[in-house]
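User: I keep reading labels like "buried" or "oblique" and I'd like to see how each one is earned. Can you walk me through some with this model?

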Amino acid sequence: MLAKQQLLFHLGTTKHKKNFTSEDSYKLWMRFLRPNRGGAVSSVRGRRGAAEGRPEGLVHSGRAAGGRRRVRQAFRRLLNFLFSFSCHILSSSCRMRPQSATSIGSVVVQERLNELVSLFKGRTERQKDRLLDPDESEEETPPAPPPPPPPGEGKKEDTPAAAEEEEVEPFQIEILGHPLKLPQLPKLPPMPDWLRAILDYRFPSSIDPFTDLIYVIWLFCVVAAWNWNVWLIPVRWAFPYQTSENIHLWLLADYTCDFIYILDMVIFQPRLQFVRGGDIVCDKKDMRENYMTTERFKMDVISLFPMEIFYVFTGVNSLLRFPRLLKYMVFFEFNDRMEAVMKKAYIYRVIRTSTYLLYSLHINACLFYWGSDYEGLGSTKWVYDGKGNAYIRCYYFAVKTLITIGGLPDPTTVFEICFQLINYFVGVFAFSIMIGQMRDVVGAATAGENYYRACMDSTVKYMNSYNIPREVQNRIKTWYDYTWKSQGMLDEQELLVQLPAKMRLDIAVDVNYSIVSKVALFQGCDRQMVFDLLTRLKSVVYLPGDFVCKKGEIGREMYIIKQGEVQVVGGPDLQTVFVTIRAGSVFGEISLLAGGGGNRRTANVKAHGFANLFILDKKDLAEILVHYPESQKLLRKKAKTMLTKDKKPEEKRPSKATVEVIPPRPDTPKLFKAALKVTEQAGIEGTFAKLKKAYRASESAGEHAEVRRPST
């Protein structure tokens with residue numbers, strides 16, 4: 001009974017543990033059974049011997065071998081059963097028993113604190129190891145995770161797992177007691193990235209008409225719809241290409257263009273930003289009101305006037321769609337945006353001018369077919385005879401008429417004569433205008449090259465007039481040719497001078513800041529001072545073999561290598577190369593700040609090949625440093641350090657100093673002399689003045705005595 005109470009007590013105290021496991025239960029049972037194992041066995045055997053009427057000693061002696069073995073086996077079976085049963089009871093009670101909010105919170109807080117303590121201990125150990133041995137700590141750092149596999153391999157590896165996941169039991173239903181399996185629907189393929197990007201796109205509340213690429217693409221769609229009406233309305237009116245069999249296709253295209261017009265008028269145009277009083281307005285209401293007050297809004301409304309209602313009376317006549325041509329402003333806006341976006345805008349200008357010429361020929365071809373149909377196809381030699389492709393034949397006639405090639409049949413009727421006269425007059429004016437505009441476009445495209453040719457021709461003419469040696473002329477021509485091919489211009493400053501100072505600074509920072517920031521002389525200086533330096537840099541091209549600077553010259557510039565290489569040379573023939581300086585390096589910076597004869601070049605530097613250098617003039621730097629005194633002090637200190645760090649200390653030679661037996665008399669103190677002079681000027685006969693007179697009198701007496709002594 002006592003053993004049972006002990007077991008229940010231990011079970012009641014341990015089942016409340018959160019992490020109570022089967023191992024704990026096993027230890028509990030062993031703790032309970034081991035102390036009383038012999039007593040329990042003996043008590044059982046004693047009771048069995050007393051029941052049979054035999055003494056207890058005889059039982060132990062008679063069946064010691066077999067009884068113990070059977071009892072031990074039975075007892076082990078009982079222990080195994082009780083052990084498994086107790087584990088099951090304890091685990092179920094621990095899971096089913098609800099925990100209080102306080103106990104749960106305390107457990108969570110304790111776990112979090114333990115986690116933080118372990119993290120702090122680990123961090124402390126790592127920092128300690130790093131301070132003791134940095135190299136060893138870097139080696140013991142965990143390696144970086146391996147890079148993710150390529151998209152193709154990852155997909156191949158994931159395919160079997162995905163296939164296994166897709167194997168799901170089919171859906172079953174019962175109809176009148178009979179099971180029915182329904183087939184699974186096929187899984188949709190993954191969505192492409194481009195389609196996902198389109199679905200995730202959110203239309204902006206305001207659009208910048210000058211920089212938004214989406215708006216330029218939309219303008220292309222609107223211009224395409226406008227060109228449909230501009231080119232095909234005359235064709236459908238003049239040529240018999242619109243029939244009852246294909247009328248539905250023509251109407252579908254017409255109404256699609258009308259729908260694009262409506263979208264542009266309702267969605268895009270009211271969202272365009274505009275400038276008012278120098279501020280960019282992005283408010284929806286203000287943008288909508290601004291669009292409704294413009295001339296473009298009125299033309300857009302007129303262009304959508306529904307003239308198609310007259311189809312009821314006249315049938316489908318393409319001329320009733322002529323209001324759609326009034327949306328011409330979008331065409332010119334698209335031209336401006338395309339010229340701003342394209343790198344070579346003159347190509348688009350040439351294409352646009354050629355399109356003007358083709359459209360004028362297109363309209364003339366439509367009018368010629370209409371005139372031929374009015375006179376009667378094939379009625380005279382002048383009109384179209386109705387053979388072959390009508391549009392191609394009429395277009396050929398328009399080309400010969402407007403370009404005035406000749407070889408056309410003579411008109412016979414008054415209508416034909418008038419039509420031909422009008423064609424000739426229009427052709428002369430239209431064709432001359434097109435040729436003049438094409439000349440302007442081509443001239444603007446080649447303006448830079450023409451300027452380069454003019455400069456080179458003027459230079460060659462000047463050199464020939466003064467009989468410059470041929471070798472020098474060839475080098476100058478080479479410089480012109482390389483500079484033009486590498487930069488596209490002869491002087492970058494001529495292009496940048498047209499821009500405001502802020503934009504010039506932005507361009508200079510993007511182009512030159514990465515190079516100037518590496519100059520050790522300017523590190524630590526004011527950032528704005530460095531920006532001011534960028535606008536003063538000048539680009540110069542040196543030919544192969546040209547000397548950038550020579551030893552002994554007065555240094556007035558600093559050089560930054562933008563492209564190419566330069567060499568520091570020396571020797572009697574200046575052919576020995578000491579060092580090669582490559583792109584991104586700087587030399588000559590000491591000469592900018594050195595003074596008092598210390599700004600002379602100390603080496604010969606020449607270009608190894610074609611070298612493009614940035615030059616910073618000393619005068620420009622001085623003008624900038626006036627506004628940055630702190631940077632000026634720092635630069636002078638750095639320049640002094642650079643000048644003195646390479647100089648070797650002068651060796652002091654030992655000199656034998658003469659030892660004087662009788663030291664010379666020290667000079668009169670300066671303060672004493674000043675006091676004597678003041679008293680003399682003031683006329684004060686003080687002590688110092690009397691001493692001075694006595695001193696002079698004694699000196700003069702001694703001199704007289706020395707003069708008399710030889711005479712005697």
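Analyst: Sure, what follows goes label by label through this predicted model.

User: Let's start with Arg-324 and Asp-258: what makes this pair a salt bridge?

Analyst: Their side chains meet at 2.9 Å, N to O. The cut-off is within 4 Å, for a side-chain nitrogen of Lys or Arg and a carboxyl oxygen of Asp or Glu, so this pair qualifies. Arg-324 sits in the loop between α14 (311-314) and α15, and Asp-258 sits in helix α11 (residues 247-268), so the bridge ties together parts that are 66 residues apart in sequence.

User: Are those two buried or exposed, and how do you know?

Analyst: Buried means under 20% relative accessible area. Arg-324 has 3%, so it counts as buried. Asp-258 has 8%, so that one counts as buried as well.

User: What about Arg-536 and Glu-623, how do you know that they form a salt bridge?

Analyst: Their N to O distance is 3.2 Å, and the limit is within 4 Å, so they make it. This pair links distant parts of the chain: Arg-536 is in the loop between α23 (527-534) and β5 (538-542), while Glu-623 is in helix α24 (residues 618-625), 87 residues apart.

User: And why are Arg-536 and Glu-623 called partly exposed?

Analyst: Partly exposed is the range between the buried limit of 20% and the exposed limit of 50%. Arg-536 comes in at 30% and Glu-623 at 39%, so both land in that range.

User: Which partner does Glu-565 have in a salt bridge, and how exposed is Glu-565?

Analyst: Glu-565 meets Arg-582 at 3.4 Å, N to O. Glu-565 lies in the loop between β7 (557-563) and β8 (566-570), and Arg-582 in the loop between β9 (576-581) and β10 (586-587), 17 residues apart. With a relative accessible area of 27%, Glu-565 is partly exposed.

User: How many salt bridges are there in the whole structure, and which residues are joined into one network?

Analyst: A search of the whole structure turns up 21. Salt bridges with shared partners join Arg-236, Asp-254, Asp-258, Glu-308, Arg-321 and Arg-324 into one network.

User: On to helices. Why are α10 and α15 called oblique?

Analyst: Helix α10 (residues 213-238) packs against helix α15 (residues 329-341) at about 140°, with the axes 9 Å apart. Roughly perpendicular covers 65 to 115 degrees and roughly antiparallel needs over 145. The angle fits neither, so α10 and α15 are oblique to each other. Their crossing is left-handed.

User: Then what makes α16 and α17 roughly perpendicular?

Analyst: Helix α16 (residues 345-375) and helix α17 (residues 390-402) pack at about 115°, with axes 8 Å apart. The perpendicular range is 65 to 115 degrees, so they count as roughly perpendicular. The crossing of α16 and α17 is right-handed.

User: Back to α15: how do you know that Asp-336 is partly exposed?

Analyst: Asp-336 is in helix α15, and its relative accessible area is 45%. That falls between 20% and 50%, so it is partly exposed. Asp-336 and Phe-210 are 126 residues apart in sequence, yet 9.4 Å apart in space, C-alpha to C-alpha.

User: Last one: why does Phe-429 count as exposed?

Analyst: Exposed means over 50%, and Phe-429 has 56% relative accessibility, so it counts as exposed. Phe-429 lies in helix α18 (residues 414-445). Together with Ile-417, Leu-421, Tyr-424, Phe-425, Val-428 and Ile-433, Phe-429 makes a nonpolar surface patch of about 710 Å².

How values were computed
Residues are numbered from 1 along each chain as its sequence is written. This is a predicted model: local features need pLDDT of at least 70, side-chain atom pairs count only at pLDDT 80 or more; totals for chains, interfaces and linings use all residues. Side-chain values use heavy atoms; hydrogens and water are left out. Patches are made of residues with over 30% relative accessible area and no salt bridge: like charges are joined within 9 Å, nonpolar side chains (Val, Leu, Ile, Met, Phe, Trp, Tyr) within 5 Å. Accessible areas come from the Shrake-Rupley method with a 1.4 Å probe; for residues, only the protein chains shown count as cover. Helices (H or I, at least four residues) and strands (E, at least two) are DSSP runs, numbered from the N terminus. Buried means under 20% relative accessible area, exposed over 50%, partly exposed in between (1.4 Å probe, protein chains only). Axes are lines fitted to C-alpha atoms, for helices over the stretch in contact, and angles run from 0 to 180 degrees between N-to-C directions. Angles under 35 degrees count as roughly parallel, over 145 as roughly antiparallel, 65 to 115 as roughly perpendicular and the rest as oblique. A crossing is left-handed if the near helix is turned anticlockwise from the far one by less than a right angle, and right-handed if clockwise.
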